[in-house]
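These are my notebook entries on what I looked up, item by item, going from helix packing to the core and then to single residues.

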Amino acid sequence: MLFTSFTYILFLCLVIPLVRSTEGVWRERVLLGASLVYYAAWDVRFVALLLALGVFTHAAGHRIAAARKSGTKPRFGNATAPVVAILLVLAAFKYTRWLMELQNALGGTQFTLPKIILPLGISFFTFECVSYLLDVQKGGAELTPLRRFLLFPAYFPHLVAGPILRIKEFAPELDKLRRATWLETLAGIDRIVIGLLKKVVLADSLALFVDQGFSASPGRVGALDAWALTISFALQIFFDFSGYSDIAIGVSRMVGIRLPENFNLPYHAESPSDFWNRWHMTLSRWVRDYLFFPLNMRAGKRVWLRYVFLVLVMSFVGLWHGAGVGFVIWGAWHGVLMVLHRVAQRRVGHLEDGPRIPLERVGRVVSLILLVAAWVPFRAPTLAAATAMLRAMFTLRGFRPAYSINDYLFALACLAGYVVLVPRVERFVQRDPETHEVNGRTFWLRAPLYALAVQFLFMFDRSNIAFIYFQF
Amino acid sequence: METIPTAPPIHELKRGLSGARLLGLGVAALACMAALGHTNVLEKVATALTGAEARLVTPSPEPEAWDEKRGGTLLTTLRALQPLPEGTRRVLMLGNSQQYTVPPPKDGSAVGTLRPRITSMRLSASLEAEAPGKLRVYNGAVDNQNFTEALWQSLFWLELSAQKPAALVLQASFDTLRKTGIRGGYQTLLDEPRFLDALHLRLTKGARPYHPDFVAAEKQWRERTAQLATETTPNEWKQWSPEPALRAAMNHTELFRRREGSKGQLLGMLYAIRVRALGISPRTKRHIVGAPLEQNLAALDDLMALAKEKHCAIVLYNAPTNPAVDMFFVEEYQAYVEQLRALALKHGAAFEELGKAVPDAHWGYLIDGPDPIHFDETGHTIVHDKLLRPLRMSLGMDR
């Protein structure tokens with residue numbers, strides 16, 4: 001049940017009035033039931049996995065909390081083992097085949113590769129379960145009863161591709177679970193419409209150019225095309241994933257639960273670290289809080305070790321995105337960029353404004369170029385293709401456009417849209433619903449704008465192309 | 001640094017939003033959608049901007065003689081073809097819109113009543129006159145049909161069809177060699193299991209530059225069909241989904257039903273804006289280089305090899321270009337013509353260089369100047385005259 005399908009619209013038309021018409025425990029039950037139906041619509045077989053993980057995490061959290069209350073020292077079986085077990089489930093589904101492929105390729109073995117179906121959203125809900133256990137271990141509150149807890153990983157708007165929730169922000173939302181105001185509903189609709197436009201009109205149209213370019217013979221791509229394709233992919237993945245997040249946040253707002261923001265103009269970032277404060281923000285803070293900070297503590301004053309950990313952590317982020325060397329390189333690339341930025345900052349930070357400001361500006365431009373170029377190993381089908389494309393990009397060989405002029409113009413229009421329109425749109429959709437104007441003309445202007453948006457969605461409908469992040 | 005500011009303080013509104021008011025907005029939005037569906041504003045704007053260009057005339061040959069849907073539903077079109085009578089063989093023509101359109105008269109008159117005779121109709125008539133009931137020409141041209149798509153279509157004709165074509169007339173248009181990818185209509189062929197087998201067999205025969213397009217097309221088809229039919233993750237697990245029924249129901253609304261036409265009009269409008277505002281028209285000089293060119297030539301090479309293997313004669317011709325338009329770089333164009341000639345030689349095919357065959361008086365007119373692609377009935381007659389002899393020779397009729 002893709003967010004862009006009519007089935008999902010029908011599902012919302014049934015579920016939201018039902019949620020609005022119930023109260024208290026029943027509202028939670030309706031939400032949980034709807035979430036399980038939503039997941040079952042993808043593949044009913046994996047509902048059991050989702051439930052089993054939820055029940056297991058809840059039980060493990062209870063044991064950790066009980067041990068903490070009784071003042072006993074945390075044991076491996078209580079605290080660490082459940083986290084390892086959950087991560088093993090993720091690894092079994094996501095990395096087994098890839099590891100066997102690697103073993104066959106590098107070790108010369110002849111393992112028959114198993115056909116493993118990746119349960120939808122497993123990367124997201126396993127991380128949420130892990131974060132819950134770690135939070136309880138640190139003294140955070142348990143979420144009980146089981147029915148309420150199961151909503152944490154399974155809540156349908158965020159189930160398959162985030163935002164990745166933390167229990168300390170989700171539990172209060174459940175505590176004050178109430179009927180969404182009409183203003184919140186309106187804000188939710190605005191957000192859904194904008195998310196759909198980003199995904200269907202912009203991301204899917206860019207995908208046509210990106211797909212044909214990245215599937216071309218790597219040796220034949222010139223610098224101009226390589227940059228055009230990479231920038232197009234950078235925009236495509238932004239519109240795709242932020243569009244998805246807009247829809248998830250919008251739907252949740254109509255339900256009465258606020259989800260955290262996931263994007264904040266990522267390509268406006270001032271540095272590689274700043275990029276991760278703006279891109280997939282809920283994943284960034286997960287990694288920061290549960291991986292990077294603990295490792296940093298261990299590194300102590302050994303700066304070099306902090307840098308090593310940073311690169312390792314970012315490589316892990318890459319691996320989380322997918323079982324492939326390209327993803328690991330993408331993550332490590334970001335890690336190295338962050339290290340270089342920190343080193344440069346140490347040297348430049350103490351300079352006078354005169355030399356420092358131009359250096360910072362140059363650094364910002366270079367960062368942006370390298371951040372965009374980092375998408376190449378992420379998107380290219382093979383390492384050889386990625387290498388050829390990067391070589392073309394940085395040796396500046398080949399400035400003859402090989403594709404239709406319309407492709408370049410559309411990519412340029414999207415780039416202009418990102419620079420000019422997206423900040424305004426984000427400001428509009430992320431504001432407090434109570435500030436929406438409902439008495440003036442702008443309220444009724446929504447009617448023709450919604451109609452026009454729907455016409456565009458129909459025109460660009462390609463029978464529902466899956467969101468990129470659904471595969472992670 | 002530009003960031004999204006935190007939410008501003010809550011304003012005190014004189015009147016909050018009521019459910020009735022929101023319902024009113026929904027009703028108003030639905031009314032606007034109905035109005036948009038019926039008024040078709042886009043078409044009016046597109047026509048106003050593009051003028052006569054939007055009205056290229058297409059003839060009406062009998063359904064058995066051409067792909068009326070132009071690749072839109074290829075499998076349905078090809079399956080609907082009636083078997084030929086015993087002793088009758090088919091000549092298949094593949095190319096772009098030049099093969100099936102005629103520009104309207106420059107004064108714009110009588111567009112609706114024109115019944116132009118295009119090259120394929122003329123060839124059919126000539127062959128019929130010489131050998132009654134022996135040969136039928138089928139025009140499988142599609143707008144901007146690249147050679148990857150032509151090979152894809154030919155896999156069906158040459159590997160699957162019970163009545164394989166006796167000859168293949170291949171139009172090579174340099175401009176089309178910028179295009180890559182396999183469009184959705186062509187992907188419908190994958191619904192035929194034997195086609196899928198033929199495709200997979202081809203993919204196992206060593207890497208070719210166009211293979212990624214084949215793989216991507218199959219992936220897109222699998223995603224789309226899985227989502228339409230079952231909406232599960234791609235696997236063999238089938239589940240019921242209301243999506244097809246919902247889409248069928250949506251087809252009763254004007255806005256949804258006319259979405260493809262509306263998109264065409266929107267693109268037409270954008271095209272006109274591009275031409276008028278940026279001065280980039282189909283006549284603008286462009287490079288035809290790199291991966292798309294390599295992919296197309298590799299696909300053409302394999303298409304000719306496949307035809308030869310299936311004992312299907314080949315006539316390859318370089319499509320006429322408007323002498324009044326200087327849209328290619330000379331060295332690139334000459335190299336391309338030489339590559340065509342070399343491919344024809346390699347596969348023992350007839351080759352006709354028709355690049356300058358149609359004089360500039362017989363070409364159409366676009367909103368900002370001469371049409372580089374489409375010529376009039378005289379142009380079609382010239383192409384027919386040039387192709388008839390090599391085609392007859394290839395078919396063993398002119399020894």
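Entry 1, a helix pair in chain A. In this predicted model, I looked up helix α13 (residues 303-321) of chain A against helix α14 (residues 325-348) of chain A, and found that their axes come within 6 Å and cross at roughly 150 degrees. Because angles over 145 degrees count as roughly antiparallel, I noted α13(A) as roughly antiparallel to α14(A). The handedness I wrote down for α13(A) passing α14(A) is right-handed. I then sorted the contact of α13(A) with α14(A) by class, which gave 15 nonpolar, six polar and two charged residues.

Entry 2, another pair in chain A. I turned to helix α7 (residues 146-154) of chain A and helix α8 (residues 167-175) of chain A, which pack at an angle of about 125 degrees with their axes 11 Å apart. Since roughly perpendicular covers 65 to 115 degrees and roughly antiparallel begins over 145, the label that I entered for α7(A) relative to α8(A) is oblique. Here, too, I recorded a right-handed crossing, with α7(A) passing α8(A).

Entry 3, the nonpolar core. Which residues have the most contacts inside the largest nonpolar core? I found A:Y38, A:F156 and A:W375 in that role, in a core of 141 residues. When I asked which element gives the largest share of this core, the answer was helix α10 (residues 223-255) of chain A, with 18 residues. I also checked the domains: domain 1 (24-178) and domain 2 (184-471) of chain A both give residues to this core, so I placed the core between them.

Entry 4, the loop after α10 in chain A. I looked at A:L265, which lies in the loop between α10 and α11 (272-276) of chain A, and noted a positive phi of about 45 degrees although A:L265 is not a glycine. Is A:L265 buried or exposed? With a relative accessible area of 1%, A:L265 is buried, the cut-off for that class being under 20%. A:N264 has its place in the loop between α10 and α11 of chain A as well, and at a relative accessible area of 15% I listed A:N264 as buried. I then took the distance from A:N264 to A:L146, which are 118 residues apart in sequence, and got 34 Å from C-alpha to C-alpha.

Entry 5, a residue in α2. I located A:V25 in helix α2 (residues 24-43) of chain A, and its relative accessibility of 37% puts A:V25 among the partly exposed residues. Along the chain A:V25 and A:R148 are 123 residues apart, yet I found their C-alpha atoms separated by 8.9 Å.

Entry 6, chain B. I looked up B:N144, which is found in the loop between β2 (135-139) and α5 (147-160) of chain B, and wrote down a positive phi of about 55 degrees for B:N144, although this residue is not a glycine. Its relative accessible area of 30% makes B:N144 partly exposed. Moving into helix α5 of chain B, I found B:E159 there, and at 28% relative accessibility B:E159 counts as partly exposed. As a last check I took B:E159 with B:L199, 40 residues apart in sequence, and the spacing from C-alpha to C-alpha came out as 9.8 Å.

Methods
Residues are numbered from 1 along each chain as its sequence is written. Chains are lettered from A and ligands numbered from 1 in the order in which they are written. This is a predicted model: local features need pLDDT of at least 70, side-chain atom pairs count only at pLDDT 80 or more; totals for chains, interfaces and linings use all residues. Side-chain values use heavy atoms; hydrogens and water are left out. Axes are lines fitted to C-alpha atoms, for helices over the stretch in contact, and angles run from 0 to 180 degrees between N-to-C directions. Angles under 35 degrees count as roughly parallel, over 145 as roughly antiparallel, 65 to 115 as roughly perpendicular and the rest as oblique. A crossing is left-handed if the near helix is turned anticlockwise from the far one by less than a right angle, and right-handed if clockwise. Ala, Val, Leu, Ile, Met, Phe, Trp, Tyr, Cys and Pro count as nonpolar, Asp, Glu, Lys and Arg as charged, and the others, Gly among them, as polar. A nonpolar core is a set of buried Ala, Val, Leu, Ile, Met, Phe, Trp, Tyr and Cys residues joined through side-chain atoms within 4.5 Å. Buried means under 20% relative accessible area, exposed over 50%, partly exposed in between (1.4 Å probe, protein chains only). Domain bounds come from an automatic or database domain assignment.
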